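Here are my notes for your first look at this fold. Keep the viewer open as you read.

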Amino acid sequence: MPSIVEVRSLRKAYDNGFEALKSVDLDIEEGEIIALLGPNGAGKTTLISTVCGITRPTSGTVTVGGHDIITAYRGARNLIGLVPQEISLEPFEKVINTVRFSRGLFGKAPDEAYLEKLLRQLSLWDKKDSKVMALSGGMKRRVLIAKALSHEPRVLFLDEPTAGVDVELRKDMWEIVAELKKTGVTIILTTHYIEEAEAIADRIGVINKGEILLVEGKDALMARMGQKHLRIELTEPLDAVPAALAKHGLTLAEGGQSLIYSFDATKERTGITALLQDVQTAGLHLADLQTQQSSLEDIFVGLVKETS
């Protein structure tokens, strides 16, 4: 799959010496959804702003569809749609006029059929003649997406697209993103919601302190770094892990009714057989056994801790 966005040795430093981006390298494949995860101040918005031409890089190069964002900025910018964090819309303007205006800014000829299709896709068609100020917060987010897509870009950046949106609307937004992918749009989103990345992204990028820690396929990342946990429910609570089981690195859950064993499911030997034999030898009686997979959140928190 060819890369539609290529970032090489991208650095952004400010006059006070603060480095928001530190030699970032990133390839974004055409037609994929990539989620950038990172804590506040990690550099997510700075990275997006730089690619979109809002912030000028200190050094390094970025190309979008083969167009350099500095030397061929018009070609690059025409391929990009941006949905910012903040809702900034003309409150007294009608939805349809807002979207028409955004299309015109890019020099695109009027195309009412395309705008109707776009607004219907975003469930905004019945609101086309409503003033923006009359819309709910979720609907205003949809208008921002419609504006970003009005000039038919090939790359869509979503900067915290569901911030402040309730759970139901958030899931609606996930469905919208999935539908956009089907039309061939490449989508890059930043998010604080781990479940958002887990639900819709093809690849996950983790950024912290201006550096990309990794970029990997979501499923491969979960398989490579995700641990499984065996929860051993006991019929009688314990005060401590028995000395005979110390070699297994068990954790006693709160209340003393469960023992937690962590293991790598990708290894040929997990140690579970030996553990259960030792549990029986120690005279403990099992009530239940459960296994759990590490979530993306567990993996993310672990990565960020390592660089803190």
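The points below go from the model to the sheet, then to the helix.

1. This is a predicted model, where local features need pLDDT of at least 70, side-chain atom pairs count only at pLDDT 80 or more, and totals for chains, interfaces and linings use all residues. Residues are numbered from 1 along each chain as its sequence is written, and side-chain values use heavy atoms, with hydrogens and water left out.

2. Start with the sheet. Four strands (DSSP runs of E, at least two residues, numbered from the N terminus) form an open sheet in the order β2-β1-β4-β5, with antiparallel pairing. β2 (19-29) and β5 are at the edges with a single partner strand each, so one side of each has no neighbour in the sheet. Two strands pair if DSSP finds at least two bridges between them.

3. Now follow β4. Strand β1 (residues 3-13) pairs with β4 (residues 59-64) over five bridges, in the antiparallel sense. Val-5 has Val-64 as its bridge partner in β4. Arg-11 stands opposite Ser-59.

4. β4 also pairs with β5 (residues 67-68), antiparallel, over two bridges. Here Thr-63 stands opposite Asp-68. These two strands form a hairpin with two residues between them. In its turn, Gly-65 has a positive phi of about 60 degrees.

5. Last, the helix. α1 (residues 44-51) lies across β1, β2 and β4. Its angle to β2 is about 65 degrees, taken on a 0 to 180 degrees scale between N-to-C directions of axes fitted to C-alpha atoms, for helices over the stretch in contact. Contact means heavy atoms within 4.5 Å. A helix is a DSSP run of H or I, at least four residues.
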